[in-house]
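Please find below a colleague's note, set out as numbered points, for someone looking at this structure for the first time.

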Amino acid sequence: MTTRFLAHPTPVGDVLVVAAGDRLVSAHPVRQLDADLAALSRRFPGPVEPDDGDPIARRCAVQLDEYFSGARRVFDLPLDWTGLPDFTRAALLAVCEIPYGETAGYGEVAILAGSPRAARAVGTACASTPFSIVVPVHRVVRADGSLGEYGGRPELKRWLLDRETTTAARSPR
């Protein structure tokens with residue numbers, strides 16, 4: 001199966017969108033495109049090629065644009081959870097339940113994921129998500145309300161949270 005990617009421009013920089021077959025396999029802000037592409041080649045067997053109109057990658061790009069414009073609050077994409085440990089998947093699905101413009105602590109997400117004592121494991125799940133922004137791990141904060149990390153880019157986490165809070169205040173749903 002061919003894996004296709006595109007680097008989609010957003011207000012927070014390019015987001016690397018990766019699709020294989022009929023599923024999104026990754027979406028995250030680009031750090032260094034060459035290094036990110038090399039990691040993709042190690043992760044996926046077969047060719048990793050630039051997008052040539054892949055419908056899932058394009059759908060993700062459209063939804064990212066809608067999200068950043070304030071028109072979308074929840075992503076509706078077929079995600080490929082293959083290879084993720086059961087708890088990681090449960091934690092990331094729980095993260096998807098955090099409402100737009102709100103936050104939850106790692107411990108709260110652990111409870112939602114069915115493992116109340118696994119707050120640290122939630123942090124690991126958030127840090128290793130292949131679906132940053134699409135799965136809103138930026139909404140997960142420390143118990144004291146401080147932000148914590150976001151792939152070593154806490155300023156990006158702050159920007160996303162501020163954007164959501166401002167958008168939600170302008171047009172509550």
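**Notes on two pockets and a helix pair**

1. In the lining of the largest pocket, the largest share comes from α5, which gives three residues. This is a predicted model, and the points that follow should be read with that in mind.

2. The elements that give two or more residues to this lining are α5, β3 (23-29) and α6 (154-170). The largest pocket holds about 390 Å³ of space and is lined by 18 residues, of which Cys-126, Ala-127, Ser-132, Tyr-150 and Gly-151 lie nearest its centre. By character, the lining of the largest pocket divides into seven nonpolar, six polar and five charged residues.

3. The second largest pocket has a volume of about 200 Å³, and 18 residues line it, with Val-74, Phe-75, Cys-96, Val-134 and Pro-136 lying nearest its centre. Its lining divides into 12 nonpolar residues, one polar and five charged.

4. How do helices α3 and α5 pack against each other? Helix α3 (residues 86-95) and helix α5 (residues 119-127) pack at an angle of about 80 degrees, and their axes are 9 Å apart. Angles of 65 to 115 degrees count as roughly perpendicular, and α3 and α5 are therefore roughly perpendicular to each other.

5. On the α3 side of this contact are Phe-87, Thr-88, Ala-91, Leu-92 and Val-95, which meet Ala-121, Val-122, Ala-125 and Cys-126 in α5. The residues of the contact of α3 with α5 divide into eight nonpolar, one polar and no charged. Cys-126 thus appears in two places in this note, as one of the α5 residues that meet α3 and as one of the residues nearest the centre of the largest pocket.

Note on methods
Residues are numbered from 1 along each chain as its sequence is written. This is a predicted model: local features need pLDDT of at least 70, side-chain atom pairs count only at pLDDT 80 or more; totals for chains, interfaces and linings use all residues. Side-chain values use heavy atoms; hydrogens and water are left out. Axes are lines fitted to C-alpha atoms, for helices over the stretch in contact, and angles run from 0 to 180 degrees between N-to-C directions. Helices (H or I, at least four residues) and strands (E, at least two) are DSSP runs, numbered from the N terminus. Angles under 35 degrees count as roughly parallel, over 145 as roughly antiparallel, 65 to 115 as roughly perpendicular and the rest as oblique. Contact means heavy atoms within 4.5 Å. Ala, Val, Leu, Ile, Met, Phe, Trp, Tyr, Cys and Pro count as nonpolar, Asp, Glu, Lys and Arg as charged, and the others, Gly among them, as polar. On a 1 Å grid over the protein atoms alone, a cavity is a set of points where a 1.4 Å probe fits but cannot get out, and a pocket is an open set with protein on both sides within 12 Å along at least five of seven lines; lining residues have an atom within 4 Å of a point. Grid points are joined across faces, edges and corners, and a volume is the space filled by probe spheres set on the points.
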